[in-house]
Amino acid sequence: MAVKDFDSGSGGATVYDVARAAGVSAMTVSRVINGRAGVSEATRAKVGAALEALKYQPNLAARAARTGTLRVGLLYSNPSAAFLSEFLVGAMDQCGQGGGQLLLERCDDLPSQRAAIEKLIAGGADGILVPPPLCDSTSALRQLRDIGMPAVAGATARPSAGVAAVRIDDYQGALAMTRYLIGLGHRDIAFIKGDPGHTPAQLRFQAFADGMREAGLALPPERVAQGLFTYRSGLAAARELLARPSRPSAIFASNDDMAAAALAVAHGMQLRVPADLTVCGFDDTPVATTVWPELTTIHQPIADMARAAVTLLLEDIRRRRAGEPRVAVHQLLEFTLVPRGSSAPPA
């Protein structure tokens, strides 16, 4: 795996310096340097003049090391370390098999997001993977579309028509878990919501609410707590739900990190899981089988989703290079409900 192998030049000037001098984007400079199509002769001349004026010299060693290799950029800003770890494993594995090289760039707020995309472009990225939550960022997807950069969104619940995507059916997954809990006999079920800006979080809660309504069960506001997909937010949400005199018989958390946090809070309160409280999660990340008891959860094939996303991206890049029309493929993978030791009928 190559991390941020972007060409700063061996003469001191960077691609950004050249871009500013020529009045063009860093991606245009990268295209000129790498001899790619899609740049007018007038623009090519402006960039050439800026390269000469700034005495820009490309980093030949870095370029030689990646000759003939497609560069796959990965733009990440994920609060769930477990999800990101699984996604990286799949992406690295498929890049190795498909002749790709993975470049990573982290971002947080909007300015750093734009800068991260520019860094990936300057590093020679031929296409960019956008895992959650950035897969739902309209600004990131618009920036990639505007500059003509191939991109694949991973694990978005509402894929954009013009962007390739790989996902599961989050709504049906959460509905299956809700029906499973009701089937065990639970009638008083609490829910920990995920990041409100992430479309899967919205659909998972909607499915839970619909499942409760379908069964004729009440969903009082005090049985819903807001989380952010992080372990720490799960601790706060679980404490809020379990501090009331009347406790729910089950907690369904929007991801495994928050479900693991709910387990920790229950243990701290001397509650037996699952005898006194059932706890379930979503994603089936490694944390689901490293806590006690192991979590009942919805298995989302995260590594396989990353592999599929890399495959779609490499195919898109190769199609574009061959002058073929691009196709925004939306690939739907299967989820599985995995019952484990954290769930049981209510006492």
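**Notebook: loops, helix pairs and cysteines**

I began with Pro293, which sits in the loop between β9 and β10 (297-299). I was working from a predicted model, and I kept that in mind throughout. The bond joining Trp292 to Pro293 turned out to be a cis peptide bond, with omega about -10°.

Where is the other proline I looked up, Pro274? I found Pro274 in the loop between α11 (256-268) and β9 (278-280). Val273 and Pro274 are joined by a cis peptide bond too, and here I noted an omega of about 10°.

I stayed in the loop between α11 and β9 a little longer, since Gln270 is found there. Gln270 is not a glycine, yet its phi is positive, about 65°. Is Gln270 buried or exposed? I wrote down exposed, because its relative accessibility is 65% and the cut-off for that word is over 50%.

Next I turned to Phe229, in the loop between β7 (224-226) and α10 (231-242). Phe229 also has a positive phi without being a glycine, and I noted a value near 75°. Its relative accessible area is 6%, so I entered Phe229 as buried.

Then I moved on to helix pairs. I took α1 (residues 15-22) and α2 (residues 26-33) and saw that their axes come within 8 Å and cross at roughly 105°. That angle is why I call α1 roughly perpendicular to α2. Which residues meet there? From α1 I listed Val15, Tyr16, Val18 and Ala19, and from α2 Ala26, Val29 and Ile33. By class, I counted seven nonpolar residues in this contact, with no polar and no charged ones.

My second pair was α5 (residues 81-98) with α12 (residues 302-321), whose axes come within 7 Å and cross at roughly 45°. I therefore noted α5 and α12 as oblique to each other, and their crossing as right-handed. On the α5 side, the residues in contact include Phe83, Phe87, Ala91 and Cys95; on the α12 side, I picked out Ile302, Ala306, Val310 and Leu314 among them. The contact of α5 with α12 has nine nonpolar, four polar and four charged residues.

Cys95 made me curious about the cysteines. Cys95 has a relative accessible area of 2%, so it goes down as buried. Cys107, at 1% relative accessibility, counts as buried as well. How many disulfides does the structure hold? I wrote zero.

Conventions
Residues numbered from 1 in each chain as written. Predicted model: local features only at pLDDT ≥ 70, side-chain atom pairs only at ≥ 80, totals over all residues. Heavy atoms only, no water. Disulfide = S-S within 2.5 Å. Buried < 20%, exposed > 50% of the residue type's maximum accessible area, 1.4 Å probe, protein only. Axes fitted to C-alpha atoms, helices over the stretch in contact; angles between N-to-C directions. Helix = DSSP H or I, 4+ residues; strand = E, 2+ residues; numbered from the N terminus. Parallel < 35°, antiparallel > 145°, perpendicular 65-115°, else oblique. Left-handed = near helix turned anticlockwise from the far one by under 90°. Contact = heavy atoms within 4.5 Å. Nonpolar A, V, L, I, M, F, W, Y, C, P; charged D, E, K, R; others polar.
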